[in-house]
Amino acid sequence: MSFFKKLKEKFVKDFDLSEDKKQEEELKESEEQNELDDEEGENKEELPLEGETEVPLDEQEEFPQEEDDYKEDIFTDEVEDEENTVTDESEDEEVDALPVEEEEEDSIAAKFKRGLAKTRNSFSTKINDLVARYRTVDEDFFEELEEVLISADVGVNTVMEMIDELEMEVKRRNIKDTKQVKEVISEKLVEIYYGDDQAGDVEGLNENPDGLTIYLFVGVNGVGKTTTIGKLAHRLKAEGKKVTLAAGDTFRAGAIDQLEAWGDRVGVNTIKHSEGSDPAAVIFDGIKSAKSRNADVLICDTAGRLQNKVNLMNELSKVKRVIEREVPGAPHEVLLVLDATTGQNAMSQAKTFSEATDVSGIVLSKLDGTAKGGIVLAIRNELDIPVKLVGLGEKVTDLETFDAHAFVYGLFADMIEDYEDEENED
Ligand SMILES: Nc1nc2c(ncn2[C@@H]2O[C@H](COP(=O)(O)OP(=O)(O)OP(=O)(O)O)[C@@H](O)[C@H]2O)c(=O)[nH]1
Ligand SMILES: [Mg+2]
C-alpha cells in the first residue's frame, strides 16, 4: 500500500478533515502575517513568536561561584533530619485541580499537525518548489533536496544517509517523476527515525510495574523542564494515576513557586524545601512522601544547568544516586529536555548530558516555535536516544508521546490530503 495512503488511513480518519483544513488555513494566514510584518498573529497564544520563549544561551542565568560549596557535600545520610523542613501543604488528599481550559478532543494527528505548522509550511513549500523545478529525478535534484533537509535541521550525517537511501529506493522502484519522490521521502524519514528497530513502535515512558515510578527531568536553563512536568502531571492524572512533584530546583528564585503553581493547577501534590536547600534532600523527601501516600508517579524537577559546569553535573549524579538507592530500578526515566528552537546546540547539549548521566529519553519542547523540526530525526539517528515526548505548545494539553508516523504526517499533511484528492479523481 502506498505510504501516504497508509498515513491517511491511520490519521486522517481520526478527525474532521474539513474542520482541520479550516484551522490549517487560519494558521497559515497568521503564519504569513507573522513572517510579513513580524507582528503577533491571532494565534499568539498557541504559537508565540520565537523571541518570546527563547533565551539565548549566553544570556541565560549562570550559577554563581559560591554555588559550588553547597554542592560538594550535597548528600549525606543525615538527609532524614531535614524532614522537618518539608512543606507538604496538601497533606494526604489530592489537590483539587483548577479547571483546565482545553480542547481535549484534539486527535494526536491534529495536534502534531498544528504543532508542526511552522516546520511544515517551510518544508513543504521548499519541497513543492523543488518538485516544480525538477520534473525528473537527477543528481541536482538530490543535491537541492539535501539542502532542504539540512535547513530543517535534520543533521548532516542523517541527511547523507537519507539521500543515499532515497537514491537507492528511487532506482529500485524506477521512479522518474519527482512528484512521486515526495512519498518516498516521507517513508524514508520514518525509517531513518527507527533505524534498526524495525518494529517501529511508539516508545512511551517506562513504568515501574510494581511500585513507585520516578521520572527525573534534566536540562539547561529555560528549555521547558518545569512546564513539561506540569503537562505530564496533568496527563498522568487524567490517566487515573496519583502523582507527586518534587521541587528539586532549589536554585533559581521563583522555581519552587512555579512548580507548585503547576501542581495546584493540575491538582497534584508538590514536595518542597526552602530556596537554596539541598536538591538531593528534596528528592529524598519527595520519594518518602510519594511512598507514604501510595503515589504511582513521582516527577522530579531540577535546576537548569549549563552542560559545561562540572559541579552541577556532579550534583545531578548525586540526585540520581539517592533515587537509585531509595527505589530499586529507579529512576525509570531520566528525561533530558531540549528546546527545539535552539537547533544544533540541542545536539551538543544531548551529547554532554548523556555523558554525565544516563539519559534514557529526550523531551523535545517548543517544536511549535520552530521551522526546523527535523532535529527530531538527528537526535534519534545520531545519538541513538529515543525522543519520548514532544512539546507542541504552551497549553497544558500540548504534550504528546512522540510518534514518528504522526510526526511525518504532521510534516506532509497537505501532500497527504492532496494525494487523497488525486486518488478521488481516479
Ligand atoms: N511554545 C512553547 N513554549 C514552551 C513549550 N514548553 C515550554 N515552553 C515555554 O518555555 C518557557 C520556559 O519554560 P520552563 O518550563 O520554565 O523552563 P525550565 O527548563 O524549567 O527553565 P529553568 O527552570 O529556568 O531551568 C516558558 O515560557 C514556557 O511556557 C512548548 O512546547 N512550546
Ligand atoms: Mg524550571
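Here are some questions and answers about this predicted model.

Visitor: Which helix gives the most to the shell around ligand 1?
Guide: The shell around ligand 1 counts 24 residues. Among the closest are Gly224, Thr226 and Thr227. One helix covers residues 225-238 and supplies three residues of the shell. The top contributor is helix H10.

Visitor: How many residues of the shell around ligand 1 are polar?
Guide: The shell divides into three kinds of residue. Five are nonpolar and seven are charged. Gly304 and Gly391 are among the closest to the ligand, and Gly counts as polar here. The polar residues number 12.

Visitor: Why is strand S5 largely enclosed by the rest of the structure?
Guide: Strand S5 spans residues 333-339. Take one side: Glu333, Leu335, Val337 and Asp339 are buried. Take the other: Val334, Leu336 and Leu338 are buried too. S5 is largely enclosed because the buried residues number seven of the seven.

Visitor: What is the bridge partner of Tyr215 in S5?
Guide: Strand S1 covers residues 213-218. S1 pairs with S5 in the parallel sense, over four bridges. In S5, the partner of Tyr215 is Glu333.

Visitor: Which residue of S6 does Leu338 stand opposite?
Guide: S5 also runs parallel to strand S6, residues 361-365. Five bridges join these two strands. Across from Leu338, in S6, stands Leu364.

Visitor: Which helix makes a β-α-β unit with S5 and S6?
Guide: The two strands are parallel. Together with a helix of residues 344-356, they make a right-handed unit. That helix is H14.

Visitor: Is Val218 buried or exposed?
Guide: Val218 sits in strand S1. A residue counts as buried if 20 or more other C-beta atoms lie within 10 Å of its own. Val218 has 28 such atoms within 10 Å, so Val218 is buried.

Visitor: What distance separates the C-alpha atoms of Val218 and Leu316?
Guide: Along the chain, Val218 and Leu316 are 98 residues apart. Yet Leu316 is among the contacts of Val218, as are Val334, Leu336 and Phe353. The C-alpha atoms of Val218 and Leu316 are separated by 8.2 Å.

Visitor: How much of the span 386-399 is strand?
Guide: An unreviewed UniProt entry lists residues 386-399 for "domain: SRP54-type proteins GTP-binding". The end C-alpha atoms of this span lie 16 Å apart. Helix makes up 0% of the span. The strand share is 43%.

Note on methods: Residues are numbered from 1 along each chain as its sequence is written. Chains are lettered from A and ligands numbered from 1 in the order in which they are written. This is a predicted model: local features need pLDDT of at least 70, side-chain atom pairs count only at pLDDT 80 or more; totals for chains, interfaces and linings use all residues. A residue is near a molecule or strand if its C-beta atom, placed from the backbone, lies within 6 Å of it. A residue is buried if 20 or more other C-beta atoms lie within 10 Å of its own, exposed if 12 or fewer, and partly exposed in between; C-beta atoms are placed from the backbone. Two strands pair if DSSP finds at least two bridges between them. A crossover is right-handed if, with the strands pointing away from the viewer, the path from the first strand over the helix to the second runs clockwise. UniProt positions are given in the numbering used here, feature names are shortened, and annotations may be inferred rather than shown by experiment. Two residues are in contact if their C-beta atoms, placed from the backbone, lie within 7 Å. Lists of a residue's contacts leave out its neighbours within four places in sequence.
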